[in-house]
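Q: I'd like to learn how to read a protein model, starting with how helices sit against one another. Can we go through one together?

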Amino acid sequence: GRLRLAVLLTGDEERAGELLEAALADTYRHWSAANDEGPDRYVRNRLASSAAHRPHSVRSRRARRSPTAATAGSAGRAAEETPADEAWRALATLTPRQRVVLVLRLAEDLGDEEIAEILRVTPHAVHSEAEHGLARLRLDGAEPGARTPSTGPGHTAEPTAPAGGAA
C-alpha cells in the first residue's frame, strides 16, 4: 500500500519508511482533517507533498543501490541487471517534483487537477513537470534517431536523410 508508494516516490526504502512514518504521525495529529478527506487519501497526499518538496529525499541517495538491487544478491554485475534496476536508475534522473507527478499519474492513476491540488500548484505546472519528466526518461533511453519530445514531432535526435532516399 502506502509503503510501496513511498518507495516509488523516494527511490529509497529507508527514506520511504521515514516519509511514511511522518505522514502517519501527521495524520494522527490532524485526525479531524484526515477523517474528512479520508485517511488513506490524506496519507497519500502527505507522502506526495513531502517527497516533492524535499529534494534530498531522492537526490542525496542516488549513490545507494535500488530497492530491487538490494535484494538481488549479486546484482552488482551488469549482466545481471534487471529491467527494474534500469527503471530505478531512470527514475533517479528525475527531479523530485517530476518523479512525484509521474508516480501519482501512473501508480495512483490521478489526473493533473488532483495532482495539482495535492502539490498546491496549477494543473499547467503538473502537465509541464510530467512532460519534462517523460522527455528526460525518453532521452535517457532513446536510441539514436529516435523521436524525442525536445526535438518535436517529426524530428529526430540525430539528422536523417531526406525522404525519398536522396542524400
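A: Sure. Start with a pair of helices: α1 passes α7 in a right-handed crossing. The residues that touch are L5, V7, L8, L9 and T10 of α1 and R99, V100 and V103 of α7. Sorted by class, this contact has six nonpolar, one polar and one charged residues. Keep in mind throughout that the model is predicted.

Q: What is the angle between α1 and α7, and how far apart are their axes?

A: α1, which covers residues 2-10, packs against α7 at an angle of about 140°, and the axes are 8 Å apart. To put a word on an angle, check the cut-offs: over 145 degrees counts as roughly antiparallel, and 65 to 115 as roughly perpendicular. The two helices are therefore oblique to each other, α1 to α7.

Q: Let me step back. How many helices and strands does the protein chain have?

A: Counting these elements is a good habit with any new model. Here the protein chain has nine helices and zero strands. Going along the sequence, you read α-α-α-α-α-α-α-α-α.

Q: How much of the protein chain is buried?

A: The idea is to ask how much of each residue is left accessible; under 20% relative accessible area means buried. Of the 167 residues in the protein chain, 34% are buried. As for the outside, the protein chain exposes about 9700 Å², with carbon and sulfur atoms supplying 53% of it.

Q: What share of the contacts in the protein chain link residues 24 or more positions apart?

A: Here you compare position along the sequence with contact in space. Among contacts with a separation of 6 or more, 58% are between residues 24 or more positions apart. For a single example of sequence versus space, take R120 and S49: they are 71 residues apart along the chain, yet their C-alpha atoms are separated by 8.5 Å.

Q: Back to α7. Is α7 mostly covered or mostly uncovered?

A: To judge a helix, go through its residues one by one. α7 spans residues 96-106, and eight of its 11 residues are buried, so it is mostly covered. The buried ones are P96, Q98, R99, V100, V101, L102, V103 and L104.

Q: Which residues make the contact between α7 and α8?

A: Geometry goes before the residue list. The axes of α7 and α8 come within 10 Å and cross at roughly 135°. α7 and α8 are therefore oblique to each other, and their crossing is right-handed. From α7, the contact uses R97, V100, V101, L104 and R105; from α8, it uses D112, I115, I118 and L119. That contact has six nonpolar, no polar and three charged residues.

Q: Why do the residues of a helix that point the same way sit a few places apart?

A: An α-helix has 3.6 residues a turn, so residues three or four places apart point the same way.

Q: What about the loops? Which value should I look at for D109?

A: Try the backbone angle phi and look at its sign. Phi of D109 is near 55°, which is positive although the residue is not glycine. D109 lies in the loop between α7 and α8. Its relative accessibility is 67%, so D109 counts as exposed.

Q: And what is phi of R120?

A: Phi of R120 is near 60°, again a positive value in a residue other than glycine. R120 is in the loop between α8 and α9, the latter covering residues 123-141. With 73% relative accessibility, R120 therefore counts as exposed.

Notes
Residues numbered from 1 in each chain as written. Predicted model: local features only at pLDDT ≥ 70, side-chain atom pairs only at ≥ 80, totals over all residues. Heavy atoms only, no water. Helix = DSSP H or I, 4+ residues; strand = E, 2+ residues; numbered from the N terminus. Buried < 20%, exposed > 50% of the residue type's maximum accessible area, 1.4 Å probe, protein only. Contact = heavy atoms within 4.5 Å. Areas by Shrake-Rupley, 256 points an atom, 1.4 Å probe, with all protein chains shown as cover. Axes fitted to C-alpha atoms, helices over the stretch in contact; angles between N-to-C directions. Parallel < 35°, antiparallel > 145°, perpendicular 65-115°, else oblique. Left-handed = near helix turned anticlockwise from the far one by under 90°. Nonpolar A, V, L, I, M, F, W, Y, C, P; charged D, E, K, R; others polar.
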